[in-house]
Structure formats: C-alpha cells, structure tokens
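Here is a friendly walk through a few local features of this model. Have the sequence and the coordinates open as you read.

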Amino acid sequence: MRIVYNSFDGRYSDSPRALYEALTRTAGVPLEHTWLASPAHRAGFPDGPALVEPDGPGAVAALEAADVVVSNYHLRPEWEKAAGCLYLQTWHGTPLKRIAADEPHVGPDDPVPGWRDVDRWDLLLSAGPEATEALTTAFRWTGPIAETGWPRNDVLLSPRREDLRAAVRTQLGLTPEKTAVLYAPTWRDDVVDAVGRRDVDLRLDLAEFSRRFGDTHVLLLRLHYMLSDRLADSLGGAPLPPGVLDVSSHPDIADLYLAADAMVTDYSSTLFDFAATRKPLLLFAYDLEHYRDDLRGFYFDLFGSPPGPVLRTSEELLDALADPVAATAAWEEAADAFRAQHCPLDDGGAVQRVLDLVLPARAALAAAPAQLPGQREDADATSPAQEVSR
C-alpha cells in the first residue's frame, strides 16, 4: 500500500505525522510511505520515508500512484486521483474563525476556496459535532465526515508526555526553572506590508516582556505557518530581545504545547488543542470587535464563555503572565466546560479510531472504486467511513 502524506505544504507535522508514526509501528501491513517535503523543512523529517517537493513533478507522480493520500490542507499540485485511492483530509484543527465558503467575502454562488482539491476528498475528519457543523458548511461538504478527534492531539495525552516535554525543553535550551509561555496568534487578513504580502502585528510588547521576565520566563513565539518567514522583516532586521525565541520553524507545534507552561493565543484553532493539556490558557483579543464583526466572524461565541481570561492590552497580558497559574485559577470550571463542549474526543485514542476506519475503507474503495463517497456526482453513496460519521 502506497501512502502519500502532506502537512502545511511540506512539513513533518500535525495529524498526518501522528498517523504516519502509528503506521510505521503497525505490523503485518506492507506500506510504502512518501512525504511531500519542502526544502526549507527537510531537516525535520525522519529517515525512512521517500521525500518529494510539494510542487514538483515527483509530488504529482507520487499522488497519482497513491493508494491512500493523507493531508491536513488543500494540495496545490494538479493531479488525477487513481481509481480506488482513498483521500483522507484530516484538516488542521477546530475552526473558531469562519473559513473557506463561510468567509465574509465568499458569496453563496462562489466556488469554495480550494474546491479543486475538495472534490478529490473521500473522508473528512472532525473533532466533534461543533467542528462537524463548521467544516461541513465551510467546504459545502456532502461526503462522509468522521468524528474521531484530531490525531495530532493524542501525543498531548500520551503516557510519555513528560519525557517528551523534557526532551523538547532541552532541545530549546529551557532550564527547568524557566516559565515557558507559548504565544501562537493567528494571522489577520488586513495586515499586509507595502507590497501586499501577509504581515505580522504581534501587539505584545516583546521588549517589555524581556525587561520584566527575562530572568524567569521565555516567550516561545510561534507565528502562523503562512507568516513563519515574515518575522525578521516585521522587526526591521532587529534581533529578538533576550528571553524571546522564534519557534515558528519548529517542525510540530505539539512539541511546543508539551514544552510550554502556559499559552497565549487569540482566535487560532491552537486554543482547542492546548486545552487538552489543562495548562493555563490566556486569550489576547486586542481586536475582538473588529475581527468578529468586520474581518472574519466566528462560528460560535467563544468570548461569551471563554476557557481563560480575555485580555485586551499588552499591559494586561504581561501582568497576567507574571503568574499564569494564578491568572487563570478562576477559569478552571469554565475550562472544563469548554473541553467537554468543544474537545469531547481528546482522549488519546484518535489515531486508532482513524486507522480502524481508514484501512477497511481503503479496501472497500479498492474493491469498488466507482463508489467513492467523496465524489460530488455520487455524494449519497455509503461507505465504511460513514460508520463513524456524525
């Protein structure tokens, strides 16, 4: 069985990584693994799988020969899916902000962004009922959607999580007594540079963070993957102040969730993932009204019942970061309710649920490739995948 993986246009990360690592431990099934790997991120890949550039002819050849394709985002190459190939779209998290067909600028008759790839999907993963509803409307999805939880989050509940945390902190140069704060904001559609490229607007005063906490804290700055190469330009070439590390190129954010003692985010899907760690979560919503009412909009009112304190200024955030545990103590019950509602399947078993579903589904598709459930002209067809459908 030939399996091709893609994560964020060529990184070794996210749910495709979790599934790959589980399959490499699976005995009795002969598998041939190929990853789409960008040159900038090749150093993050393990030895073993074949690596091809995401936009090159090798990617097209691998995808067109694949028995299974696993991706967490739209695939860019133009390729023809082989009969019997199963395309598993894991997506990359529970959306809070409106995406794809639900974005304000997309009309009801406009094509779904990425539609050429969406039409190839056979099965879409979801974290639970609320994620299912959002992803279904965002992609105008009529094929099966499997509520399995996100495979990428299993590691956060692994029995080895403390060992993994120690290893990542050592790799990052974090001493045990340092409080590591992960700052992982999303991107803004209206923040662009002079030539129209997406740009960075952190709003958190990095110099003041360094001045106040340089001896006790480390800020792990994780930009959205679409902005990971923009930090130097946004700083005008100036170095980061002491106590601030740019971890935007670290292969997998799950490592950083484990390494961190607290996280700051805004409207990013990272907040749903980090919730599984039960560590302090702070929401830096400096532009809440503009983002909610004018820029993107939300699928639900997170800020009516937030899982942690909502902070509006850099000064408020820095005050809270002096003691993140104390700053979030009053939100313990709210955080529990948030996890129960939005992350019901974060139990460490998502990978196995997906494999139990996908391998039989692939066999069924191979036996009857004309009945691919993700094809628009046959959207009502049933498949083994629908057994774990909502």
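In this predicted model, helix α2 spans residues 57–65, and its buried residues are Ala-59, Ala-62 and Leu-63. Looking down the axis of α2, you will find these buried residues within an arc of 95 degrees, so they line one face of the helix. That fits a general pattern: an α-helix has 3.6 residues a turn, so residues three or four places apart point the same way. What do the buried residues of α2 pack against? Their partners are the strands β1 (2–6), β2 (32–36), β3 (50–52) and β4 (68–71).

Next, a sheet. Six strands, in the order β10-β9-β8-β11-β12-β13, make up an open sheet with parallel pairing. Its edges are β10 (244–246) and β13 (310–311), each of which pairs on one side only. Within the sheet, β11 (residues 262–265) runs parallel to β12 and is joined to it by 3 bridges; Met-263 has Leu-281 of β12 as its bridge partner. Helix α11 (residues 314–321) lies across β8 (179–183), β9 (217–221), β11, β12 and β13, and runs at about 170 degrees to β12.

Finally, the backbone. Most residues other than glycine have a negative phi. Two residues with a positive phi are worth a look here:

| Residue | Phi | Loop | Relative accessibility |
|---|---|---|---|
| Phe-8 | near 50 degrees | between β1 and α1 (14–23) | 15% |
| Arg-278 | about 65 degrees | between α9 (270–274) and β12 (281–284) | 58% |

With a relative accessibility of 15%, Phe-8 counts as buried, whereas Arg-278, at 58%, is exposed.

Key:
Residues are numbered from 1 along each chain as its sequence is written. This is a predicted model: local features need pLDDT of at least 70, side-chain atom pairs count only at pLDDT 80 or more; totals for chains, interfaces and linings use all residues. Side-chain values use heavy atoms; hydrogens and water are left out. Buried means under 20% relative accessible area, exposed over 50%, partly exposed in between (1.4 Å probe, protein chains only). Helices (H or I, at least four residues) and strands (E, at least two) are DSSP runs, numbered from the N terminus. The arc is that of the directions from the helix axis to the C-beta atoms. Contact means heavy atoms within 4.5 Å. Two strands pair if DSSP finds at least two bridges between them. Axes are lines fitted to C-alpha atoms, for helices over the stretch in contact, and angles run from 0 to 180 degrees between N-to-C directions.
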